[in-house]
Amino acid sequence: MAEIKLGSHVGMAGKEMFLASVKEAVSYGANVLMLYTGAPQNTKRKEISELNIEAGWEYAREHGIEELIVHAPYIINLANTVKPEIFELAVEFLEKEIVRTAAMKSRILVLHPGSHVNAGEEAGLAQIIKGLNQVLDNNDDDVYIALETMAGKGSELGRSFEELRAIYDGVHKRERLRVCFDTCHVNDAGYDLVNDYEGVFQKFDEVLGLGQIAVFHINDSMNPLGAHKDRHANVGEGSIGFDTLYKVVHDERFFAVPKILETPWRCEEGSTKKTLPPYKEEIAMLLG
């Protein structure tokens, strides 16, 4: 049986940069990892030459890691029609992130589709399509943009499989698109993985095709089905529960698809600061 690809979001900082990321992933027992190439809330980025990529990959291969997922910063908002400068920044920065993703030898760049900022779904989706076309028409890197399924809080787009399909339908190079399937977001968007597991994936298959899922984010949810909130919970401690998340991780249809935990860090006893990563325990639980 093929090995399940399971890991978590890790940091990238200090002198070791990517090497430190891989060491962190290995310490959790992971065989895949996801990172931001810089702080997710700003556009400050180190030069590619400073990321210590070769040393990181050498260590990764020694420890059975052969795949890396990059997550685009969430400040990128391709759906914004209200402020042209924010859209232009998003396009420009996404172009750079694709180049950085390719330089890091990753083929998957996860992207939040964007928020329409009260301009309406139609305007927002059209703007996302426009932005993706601007970016992809001028880029030949071997990188897929994996549009993330969103919870639908505020004016977020990508909260339904049909919205993602609408983006696909407008993009010239749609073969460069994939989907990042986030279990918490899908639950919060109203898809009942717990009671209708097969029905949800059948629906996804009809609208987009199961083969379009390039990565899973494995997160429990603090909120009930359809809450449109997007608050991740630790595995087995939310409304999705351990059994359903275990089912996703062990689903034979998705063995080749990397699965990434983005669950909250924990507090040490008597502290309110979240300093303890839960990933070693959660990976062991889900593989057990």
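Colleague: Is the crossing of helix 1 and helix 2 left-handed or right-handed?
Modeller: This is a predicted model: local features need pLDDT of at least 70, side-chain atom pairs count only at pLDDT 80 or more, and totals for chains, interfaces and linings use all residues. Residues are numbered from 1 along each chain as its sequence is written, and side-chain values use heavy atoms, leaving out hydrogens and water. The crossing of helix 1 and helix 2 (left-handed if the near helix is turned anticlockwise from the far one by less than a right angle, right-handed if clockwise) is right-handed.

Colleague: Is helix 1 roughly parallel or roughly antiparallel to helix 2?
Modeller: Helix 1 (residues 18–27) and helix 2 (residues 53–62) pack with their axes 7 Å apart, at an angle of about 20 degrees. Angles under 35 degrees count as roughly parallel, over 145 as roughly antiparallel, 65 to 115 as roughly perpendicular and the rest as oblique. That makes the two helices roughly parallel.

Colleague: How many residues of the contact of helix 1 with helix 2 are nonpolar?
Modeller: Helix 1 contributes Phe18, Leu19, Val22, Lys23 and Val26, and helix 2 contributes Ile53, Ala55, Gly56, Trp57, Tyr59 and Ala60, where contact means heavy atoms within 4.5 Å. Besides one polar and one charged residue, the nonpolar ones number nine.

Colleague: In what order do the eight strands close into a barrel?
Modeller: Strands (DSSP runs of E, at least two residues) pair if DSSP finds at least two bridges between them. Strand 3 (residues 68–71) and strand 4 (residues 108–111) run parallel, joined by three bridges, and Ile69 stands opposite Ile108 in strand 4. The pairing in the barrel is parallel, and the order is 1-2-3-4-5-6-7-10.

Technical notes
Helix = DSSP H or I, 4+ residues; strand = E, 2+ residues; numbered from the N terminus. Axes fitted to C-alpha atoms, helices over the stretch in contact; angles between N-to-C directions. Nonpolar A, V, L, I, M, F, W, Y, C, P; charged D, E, K, R; others polar.
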